Amino acid sequence: MILTVIALLPVVVILLFVYLRDKDREPMKTLLTAFGLGVLTVIPSALIESFLELFVPSDSMPLLSNFFCVGLTEEFFKLLVLLFYVFRHKDFNDTFDGIVYSVAVSLGFAAAENLLYTFENGVETGILRAVTSVPGHASFAVFMGYFIPKAKTNHFYLRFSKRNKYILLALIVPTLIHGLYDYLITIQAFEAFFTLILFVDIFAIIIIIRSSKNDKSVMVDIEKIENNKQEF
């Protein structure tokens with residue numbers, strides 16, 4: 001029971017923090033479905049990572065392994081949930097929703113992973129991951145969720161090349177941060193690792209606060225608004 005609480009408490013706290021920042025709260029059913037699908041992404045991620053590890057071992061190729069095998073694989077499956085479940089969902093109608101659902105998916109993944117590691121390694125691991133890995137996954141998701149609404153707006157206005165650009169950024173940016181995060185652990189560069197955590201988490205919180213304050217419909221075309229202002 002104690003291990004379960006230690007593993008899941010940071011997940012609940014962070015998800016509530018993001019959820020309560022939303023002016024127009026998301027339906028709990030949609031949010032929990034996104035979270036549950038995030039939990040399930042642990043399975044294909046683990047299978048693909050194990051397969052890729054055969055060709056890109058982390059002990060001899062740590063840089064490539066952490067960025068390609070781990071970072072890219074995990075962020076790819078999280079993004080798939082957003083694209084195939086959230087992207088065209090009627091409840092994804094405001095820009096901040098992208099961050100809310102992205103964090104929900106990522107924290108679903110983090111919850112499953114955290115339970116496994118905490119039950120396997122004990123209380124100390126659970127506490128350490130509560131201030132590192134769980135906030136880390138949430139922060140990666142904030143960057144992903146920042147770009148997804150931009151992709152949806154461009155999709156709505158049939159600007160598919162711009163839509164694809166933002167979808168690609170939604171994958172690349174969190175993958176790079178995630179890969180660096182894991183790489184610094186692998187090479188035991190702990191000072192750089194904790195500096196990265198502090199920087200990324202603070203930056204993510206700033207994005208959450210600003211994005212929630214500036215929340216607007218994803219169907220609003222910012223470029224057209226600016227053009228209309230200039231005409232008048």
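## Fold

Helices here are DSSP runs of H or I with at least four residues, and they are numbered from the N terminus. The model is predicted. Its protein chain holds 10 helices and 0 strands. Read along the sequence, the pattern is α-α-α-α-α-α-α-α-α-α.

## Overall dimensions and packing

How does the radius of gyration of the protein chain compare with that of a compact globule? For 232 residues, a compact globule would come out near 17 Å; the protein chain has 18 Å, so the two agree. Along the principal axes, the C-alpha trace spans about 60 × 40 × 30 Å.

Of the 232 residues, 47% count as buried. Contacts with a separation of 6 or more come mainly from distant parts of the sequence: 81% of them join residues 24 or more positions apart. The accessible surface comes to about 12000 Å². Carbon and sulfur atoms own 70% of that surface.

## The largest pocket

About 750 Å³ of space lies in the largest pocket. Its lining takes in 28 residues. Which of them lie nearest the centre? They are Glu113, Tyr117, Arg129, Ser133 and Asp182.

Seven helices each give two or more residues to this lining: H3 (42–53), H4 (62–86), H5 (95–121), H6 (123–131), H7, H8 and H9. By residue class, the lining divides into 13 nonpolar, 9 polar and 6 charged.

## The largest cavity

The structure holds 1 cavity of 30 Å³ or more. The space in the largest cavity is about 50 Å³. Three helices give two or more residues to its lining: H7 (133–156), H8 (160–186) and H9 (190–213). Those helices also appear among the contributors to the largest pocket.

The cavity lining consists of Thr132, Gly136, Phe140, Ile177, Tyr181, Leu196, Ile197, Val200 and Asp201. Which helix gives the most? H9 does, with 4 residues. The lining divides into 6 nonpolar, 2 polar and 1 charged.

## Two phenylalanines

Phe109 sits in helix H5. Is Phe109 buried or exposed? Its relative accessible area is 2%, so Phe109 is buried, the cut-off being under 20%. Leaving aside neighbours within four places in sequence, Phe109 is in contact with Gly38, Val39, Thr41, Val42, Ser45, Glu74, Lys78 and His137. Ile207 is a more remote reference point: Phe109 and Ile207 are 98 residues apart in sequence and 21 Å apart in space, C-alpha to C-alpha.

Phe194 belongs to helix H9. Its relative accessible area is 43%, so Phe194 is partly exposed. That value falls between the 20% and 50% limits. Phe194 and Ser133 are 61 residues apart in sequence, and their C-alpha atoms are 11 Å apart in space. Ser133 is one of the residues nearest the centre of the largest pocket.

## Loop residues

Pro27 lies in the loop between helix H1 (2–21) and helix H2 (28–40). At 33% relative accessibility, Pro27 counts as partly exposed. Which residues does Pro27 touch beyond those up to four places away in sequence? They are Asp91 and Tyr101. Pro27 and Asp91 are 64 residues apart in sequence, with 7.5 Å from C-alpha to C-alpha.

Two other loop residues have a positive phi without being glycine. Leu158 is placed in the loop between H7 and H8. Phi of Leu158 is near 60°. Its relative accessibility is 60%, so Leu158 counts as exposed. Gln188 is found in the loop between H8 and H9. Phi of Gln188 is likewise near 60°. At 58% relative accessibility, Gln188 counts as exposed. For both residues the cut-off in play is over 50%.

Key: Residues numbered from 1 in each chain as written. Predicted model: local features only at pLDDT ≥ 70, side-chain atom pairs only at ≥ 80, totals over all residues. Heavy atoms only, no water. 1 Å grid on protein atoms, 1.4 Å probe; cavity = no way out; pocket = protein on both sides within 12 Å on 5 of 7 lines; lining within 4 Å. Points joined across faces, edges and corners; volume = space filled by probe spheres on them. Nonpolar A, V, L, I, M, F, W, Y, C, P; charged D, E, K, R; others polar. Rg over C-alpha atoms; globule rule 2.2 N^0.38 Å. Buried < 20%, exposed > 50% of the residue type's maximum accessible area, 1.4 Å probe, protein only. Contact = heavy atoms within 4.5 Å. Areas by Shrake-Rupley, 256 points an atom, 1.4 Å probe, with all protein chains shown as cover.
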